[in-house]
Amino acid sequence: MNTQSLLSVVHLKKYFPVGGGSLFKARRYLRANDDISFDIYEGETFGLVGESGSGKSTLGRTLLRLYEPTSGQILYRGNHDKEVDLTQLKGEELRKLRSDLQMIFQDPYSSLNPRMTVGQIVEEGVATHKYYRRGTPQMREYVLKVMQDCGLQAEALHRYPHQFSGGQRQRVCIARALAVRPKFIVCDECVSALDASIQSQILNLLAELKEKEKLTYLFISHDLSVVRHISDRIAVMYLGNIVEMGTAKQVFENPRHPYTIALMSAVPSMKAEREKKIVLGGNMPSPVSPPSGCKFHTRCFMACEKCKRVPPPFTEIEKGHFAACHFADKPTAEKRRIAESNEGQTKKFL
Ligand code: SF4
């Protein structure tokens with residue numbers, strides 16, 4: 001695997017104000033991304049998993065500057081000669097880099113303008129970034145080629161989004177992103193709304209395009225089977241933080257964070273037949289007032305007194321495999337045994 005970093009995320013925070021801020025009441029914040037640091041390597045698919053509300057979509061949008069970061073750095077090295085901090089770019093500088101950094105959304109229908117034909121949708125960014133001029137034969141030829149690369153027939157050129165199936169619409173979104181020659185694409189739950197057979201067609205298309213166009217993906221999904229299928233490395237998010245990160249093999253075959261172990265036990269194809277599903281107690285706490293110490297301690301089957309007070313460090317267990325848990329070095333099997341003997345109850349040690 002190429003380990004040259006395309007993006008380095010350094011202590012990134014994204015907080016949303018949620019009321020307060022008056023003379024009598026301190027401002028309160030929803031901590032969607034709470035001090036996140038990691039690298040995305042050139043040419044890899046970096047999978048990001050976690051329950052809804054864990055902050056993964058916010059992270060994807062913040063990396064692309066669709067949300068303004070609260071603090072931290074996003075160091076981008078797509079232009080080989082120099083490193084730029086995306087958080088510092090403004091106006092024209094940011095606009096120029098927009099073609100490098102693209103996004104494919106979950107719901108292709110709402111992200112496509114219903115009044116534009118597929119041809120107009122695909123050519124829009126191409127014209128904005130001045131690769132070709134609208135109405136020229138070169139533009140038409142280029143748009144048709146991109147459409148063909150994405151599995152769309154030439155007759156789709158003059159049709160509207162509502163005339164397509166969900167899978168075909170997602171191909172239009174991929175073509176729109178690809179047309180501006182990006183280097184990095186955030187795929188945010190981009191196959192979640194599709195049937196299983198269509199999902200695999202789109203995943204195969206993304207994999208093909210990645211090789212052909214030398215793309216790098218951040219692939220966000222709540223579906224672990226999908227992420228496993230496509231990712232080189234994976235990060236697991238919980239309540240605004242990455243709690244485990246490693247190669248797909250490390251995280252899926254040897255998960256070390258109790259949250260990752262519980263998530264995987266809920267996917268039938270990822271556990272041995274005799275293993276039980278680990279039921280986590282309660283819901284995810286509010287990111288406005290997260291628990292002290294380890295944020296997972298209110299639901300963790302291994303939580304102890306220390307977990308309530310002391311945030312665990314993000315420890316490297318083996319080369320490239322990290323987990324934020326005071327018991328990161330305890331083997332996976334032992335943790336499963338504890339969870340199962342606990343029969344899904346949390347707070348055994350509290
Ligand atoms: Fe569970 Fe404690 Fe590890 Fe947090 S630090 S995941 S509460 S065992």
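Which strand does Q73 lie in? The answer opens the legends below, all drawn from a predicted model.

**View 1. Q73 on strand β4.** Q73 belongs to β4, the strand covering residues 71-76. With a relative accessibility of 33%, Q73 counts as partly exposed, because that label covers values between 20% and 50%. If you're hunting for N283 in this frame, look further afield: 210 residues separate Q73 from N283 in sequence, and their C-alpha atoms sit 31 Å apart in space.

**View 2. I220 in strand β8.** Here we're looking at β8, residues 216-220, where I220 is found. I220 is buried, at 0% relative accessibility. For a sense of how sequence and space relate here, take D107: I220 and D107 are 113 residues apart along the sequence, with 14 Å from C-alpha to C-alpha.

**View 3. The ligand and its shell.** Zoom in on the ligand and you'll find 13 residues surrounding it. The closest ones are C294, C300, C307, C325 and H326. C307, one of these, is buried, with a relative accessible area of 7%. Sorted by class, the shell holds 10 nonpolar and 3 polar residues, and no charged ones. As for the space the ligand takes up, that is the largest cavity.

**View 4. C190 and its cysteine neighbour.** Searching the whole structure turns up 0 disulfides. C190 is a handy example: the nearest cysteine sulfur belongs to C187 and is 4.5 Å away, and C190 is in no disulfide. That follows because a disulfide needs the two sulfur atoms within 2.5 Å. C190 is also buried, at 2% relative accessible area.

**View 5. E189, a positive phi in a loop.** E189 isn't a glycine, yet its phi is positive, at about 50°. You'll find E189 in the loop that runs between β7 (184-188) and α6 (196-213). Despite sitting in a loop, E189 is buried, with a relative accessible area of 9%.

**View 6. K130, a positive phi out in the open.** K130 is another non-glycine residue with a positive phi, this one near 60°. The loop in question links α3 (118-128) and α4 (137-149). Is K130 buried or exposed? K130 is exposed, with a relative accessible area of 70%.

**View 7. Helix α1 and what comes after it.** Helix α1 takes in residues 56-63 and is mostly covered, with 7 of its 8 residues buried. The buried ones are K56, T58, L59, G60, R61, T62 and L63. Follow the chain on just past α1 and you reach R65, which takes a positive phi of about 65°.

**View 8. Helix α5, end to end.** Helix α5 has 14 residues, 166-179, and reaches 20 Å from its first C-alpha to its last. That is close to the 20 Å expected at 1.5 Å a residue. How many residues of α5 are buried? The count is 11 of 14, so the label "buried" (under 20% relative accessible area) fits most of α5. Among them are G167, R169, Q170, R171, V172, C173 and I174. Towards the end of the helix, A175, A177, L178 and A179 are buried too. When you trace the helix by eye, remember that an α-helix has 3.6 residues a turn, so residues three or four places apart point the same way.

Conventions: Residues are numbered from 1 along each chain as its sequence is written. This is a predicted model: local features need pLDDT of at least 70, side-chain atom pairs count only at pLDDT 80 or more; totals for chains, interfaces and linings use all residues. Side-chain values use heavy atoms; hydrogens and water are left out. A residue is near a molecule or strand if one of its heavy atoms lies within 4 Å of it. On a 1 Å grid over the protein atoms alone, a cavity is a set of points where a 1.4 Å probe fits but cannot get out, and a pocket is an open set with protein on both sides within 12 Å along at least five of seven lines; lining residues have an atom within 4 Å of a point. A molecule sits in a cavity or pocket if more than half of its atoms lie within 2 Å of its grid points. Ala, Val, Leu, Ile, Met, Phe, Trp, Tyr, Cys and Pro count as nonpolar, Asp, Glu, Lys and Arg as charged, and the others, Gly among them, as polar. Buried means under 20% relative accessible area, exposed over 50%, partly exposed in between (1.4 Å probe, protein chains only). Helices (H or I, at least four residues) and strands (E, at least two) are DSSP runs, numbered from the N terminus. The expected span of a helix is 1.5 Å times one less than its number of residues.
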